[in-house]
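Subject: Structure for you to look through

Dear colleague,

Please find below the structure I promised to hand over. Could you open it alongside this message and follow the points in turn?

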Amino acid sequence: MNKKILLFGIAVMALMLVSTGYAQGTGVILVSDNAADSVATEVLSDKLGFELVYTEWGTFSQDALDQVKAISPDHVIIVGGTVAIPEQ
């Protein structure tokens, strides 16, 4: 995928989240260790000021859950869908 298109999409997503007030307060972006998802969310995390929490692709590790709980965020964004980070 073209890097410029990816960065534009991330910028649009960040703008939408900020304009709706979603980015107010503390937040976590939960992402798998998949390279494409990780790179994309690093930019989004910087724009929103949200913490990144990584988990191994295809799992939702106890360590990741503990990190999210420790941050106690107002918002959680899950990147990659239920294949990358299962619901259970």
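Among the contacts in the protein between residues with a separation of 6 or more, 65% are accounted for by residues 24 or more positions apart; please keep in mind throughout that this is a predicted model.

As for the overall layout, the protein has four helices and three strands, and from the N terminus on these elements run α-β-α-β-α-β-α. Of its 88 residues, 31% count as buried, while the surface that the protein exposes comes to about 5600 Å², with carbon and sulfur atoms supplying 59% of that area.

Turning to the strands, E1 and E3 pair in the parallel sense over five bridges, and within this pairing Gly-27 stands opposite His-75 in E3. In a regular strand the side chains alternate between the two faces of the sheet. Strand E3, which spans residues 75–79, has a covered face made up of His-75, Ile-77 and Val-79, whereas Val-76 and Ile-78 belong to the uncovered one.

One residue that I would ask you to look at is Ser-32, which has its place in strand E1, residues 27–32. Is Ser-32 buried or exposed? Its relative accessible area is 0%, and because buried means under 20%, Ser-32 counts as buried. Leaving aside residues up to four places away in sequence, Ser-32 touches Asp-37, Ser-38, Tyr-54, Thr-55, Trp-57, Val-79, Ala-84 and Ile-85; one of these, Val-79, is on the covered face of E3.

With best wishes

Terms used: Residues numbered from 1 in each chain as written. Predicted model: local features only at pLDDT ≥ 70, side-chain atom pairs only at ≥ 80, totals over all residues. Heavy atoms only, no water. Helix = DSSP H or I, 4+ residues; strand = E, 2+ residues; numbered from the N terminus. Buried < 20%, exposed > 50% of the residue type's maximum accessible area, 1.4 Å probe, protein only. Contact = heavy atoms within 4.5 Å. Pairing = 2+ DSSP bridges. Areas by Shrake-Rupley, 256 points an atom, 1.4 Å probe, with all protein chains shown as cover.
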